Each structure stands twice: as C-alpha cells, then as structure tokens.
Amino acid sequence: MTEHPSSAPAGKPTSYSRVTLSRIMTAVDVNLYGTVHGGVLMKFVDDVAGASAARHSGGTAVTAAIDEIVFSEAVRVGDLVHAHAQVNWTGQTSMEVGVRVVAERWDSAEDEPVRVATAYLVFVGVDLGGAPRPVRPVLPETPEDERRYREAEIRRAHRLARRRAIQAHRAG
Ligand SMILES: CC(=O)SCCNC(=O)CCNC(=O)[C@H](O)C(C)(C)COP(=O)(O)OP(=O)(O)OC[C@H]1O[C@@H](n2cnc3c(N)ncnc32)[C@H](O)[C@@H]1OP(=O)(O)O
C-alpha cells in the first residue's frame, strides 16, 4: 500500500509555545496614582502573546482580539514582572493565547510572586499579504492544558455568539 503524505500540518505540544518576558517596572511606567499604568501591562501582554503565537504558528501572527484582561493587583515601581504565555487552543487560522502576569515585589522579593493580571487574546496567523493562513494544531499535554483547551472553546463559542447577536441587532 502506498503511503500518501498528509496535507494536515503536524501539531505542536502546548509547551512548545510557552514564552516568558520579564522586566523591572520604572518611574516612566506609572499612572497619576503612582502605580503601573494598565496600558503598559497591556502592551507587555500583547508582546508576550504575539511571541507565543508566532512561535506556535511558525510565522507572522497578528492580534485579532483581546478578549479579556483582568488586573487583579496593582504593580509598583521596582517590581520584577513576568508575563507567561502559551497557546491554549487552535482553530483553522486562529489561536487563543492565555497570559498570566505575576510580580515579584521589590521590597519582599523572597515572597511568592503575586498574580497581577490574566488575559486571553486571539491571534490569527497571516501570510505575507496579510491574509489568514492555516496554523498547526496545538496538542495539550497535561490535564491543565486540557482544561485550558476546553475553557478556550467555551470562550470562543461566547465570542462568536456575541458577534453574531450584535450583527443581527444592527441588521434590525
Ligand atoms: C502583533 C500586533 O501587534 S498586530 C497589530 C494589531 N492587529 C492587526 O493589525 C490585525 C488587523 N486585522 C486583520 O488583519 C484581520 O482582521 C485578521 C487577519 C485578524 C482577520 O482577517 P479576516 O479576513 O477577518 O479573517 P476571517 O474572518 O477569515 O477569520 C480568520 C480567523 O480569525 C478569527 N477571528 C477573526 N476576527 C475575530 C474576532 N474579532 N474575535 C475572535 N476571532 C476572530 C475567525 O474566527 C477565524 O478563525 P478560524 O480560522 O480559526 O476559524
């Protein structure tokens, strides 16, 4: 029997897409209240998620949507902040990237890092002309990865349902 090569792209395990960015927050990052500006953290989140999506998809990927970002604790000047990203789920051309941001407090560095933000972003793999291109499937490895994959499917179903409902409302 002749073996035909599959046209489906080979998958990559979740761990392949894991990326961490770290930086110390400085005085230029603060808002009027003296804590780190949410926009600074959003850029940081988008950067790490973009690196994760590019690694998983093996090429250019653009931010299609920032689905949710929750700031759970304030970040302060001097804190060492780490943003951990991984691809949770893949569709045909899109990927959901989850990002967890933690801070090591500058004045209590021996304590456990504090979770300061969580975000879910949708990236789309694009070709040189900017058109969506197929991305390889992500292969969850651990029960935690499986849980994140299933929860990403729930978020996607809600995201698409919301978009359809708003389009229907606007169409009258
Ligand atoms: C890293 C950066 O900073 S990039 C800069 C910021 N981002 C950008 O400039 C991106 C601008 N936007 C675009 O170029 C386009 O809208 C794209 C490439 C994101 C999507 O192009 P479209 O022609 O709308 O693609 P299409 O409708 O075929 O959808 C492609 C995929 O994206 C998904 N998608 C598109 N828009 C959204 C959205 N708002 N929310 C969730 N998923 C979405 C679709 O469900 C589809 O997924 P699937 O193939 O896995 O089923």
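This passage walks through the fold of a predicted model, then its strands, its salt bridges and a charged patch on its surface.

Start with the overall picture. The protein chain holds 2 helices and 7 strands. Read from the N terminus, the elements come in the order β-β-α-β-β-β-β-β-α. Laid out along the principal axes, the C-alpha atoms take up a box of roughly 65 × 50 × 35 Å. Of the 172 residues in the protein chain, 34% are buried.

Now for the strands, beginning with strand 4. This element spans residues 80-90, and 9 of its 11 residues are buried, so the rest of the structure largely encloses it. What does strand 4 pair with? One of its partners is strand 2 (residues 19-24), and the two run antiparallel, with 6 bridges between them. Within that pairing, Val19 has Ala85 of strand 4 as its bridge partner. Another partner is strand 5, again in the antiparallel sense, this time over 10 bridges. Here Val81 sits opposite Ala103 of strand 5. The link from strand 4 to strand 5 is a hairpin, made through 3 residues.

Ala103 is a handy place to step across to the next strand. On the strand 6 side, its bridge partner is Val114. Strand 5 and strand 6 are themselves an antiparallel pair, joined over 10 bridges. Strand 6 also pairs with strand 3 (residues 61-71), antiparallel once more, over 9 bridges. In that pairing, Ala65 faces Val122 of strand 6. How much of strand 6 is covered? Most of it is, given that 10 of its 12 residues are buried. Put together, the pairings can be followed from strand 2 to strand 4, from strand 4 to strand 5, from strand 5 to strand 6, and from strand 6 to strand 3.

Next come the salt bridges. The whole structure has 11 of them. One of these joins the side chains of Lys43 and Asp47, with an N to O distance of 2.9 Å. Both residues belong to helix 1 (residues 38-57), and because they are 4 residues apart there, about one helical turn separates them. Lys43 counts as exposed because its relative accessibility is 52%, while Asp47, at 35%, counts as partly exposed.

A rather different setting turns up around Glu96. The side chain of Glu96 meets that of Arg155 in a salt bridge of 2.8 Å, N to O. Arg155 is part of helix 2 (residues 143-170) and Glu96 is part of strand 5, so this pair ties together parts of the chain 59 residues apart in sequence. Glu96 also forms a salt bridge with the side chain of Arg159, at 3.3 Å from N to O. That contact again links distant parts of the chain, with Glu96 in strand 5 and Arg159 in helix 2, 63 residues apart.

Are these three residues buried or exposed? Glu96 is buried, with a relative accessible area of just 1%. Arg155 also counts as buried, at 15% relative accessibility, and Arg159 is buried too, with a relative accessible area of 13%. The three belong to a network of salt bridges that links Asp67, Glu96, Arg155, Arg159 and Arg162.

Finally, there is some charge to look at on the surface. Which residues make up the negative patch there? Asp107, Glu110, Asp111 and Glu112 gather in it. Asp111 gives a sense of where this is along the chain: its place is the loop between strand 5 (94-104) and strand 6 (114-125). With a relative accessible area of 43%, Asp111 is partly exposed. So the strand 5 and strand 6 pair, with its 10 antiparallel bridges, is also the pair whose connecting loop holds Asp111, a member of the negative patch.

Conventions: Residues are numbered from 1 along each chain as its sequence is written. This is a predicted model: local features need pLDDT of at least 70, side-chain atom pairs count only at pLDDT 80 or more; totals for chains, interfaces and linings use all residues. Side-chain values use heavy atoms; hydrogens and water are left out. Patches are made of residues with over 30% relative accessible area and no salt bridge: like charges are joined within 9 Å, nonpolar side chains (Val, Leu, Ile, Met, Phe, Trp, Tyr) within 5 Å. Accessible areas come from the Shrake-Rupley method with a 1.4 Å probe; for residues, only the protein chains shown count as cover. A salt bridge is a side-chain nitrogen of Lys or Arg within 4 Å of a carboxyl oxygen of Asp or Glu. Lys and Arg count as positive and Asp and Glu as negative; His and the chain ends are not counted. The place of a charge is taken as NZ of Lys, CZ of Arg, CG of Asp or CD of Glu. Buried means under 20% relative accessible area, exposed over 50%, partly exposed in between (1.4 Å probe, protein chains only). Two strands pair if DSSP finds at least two bridges between them.
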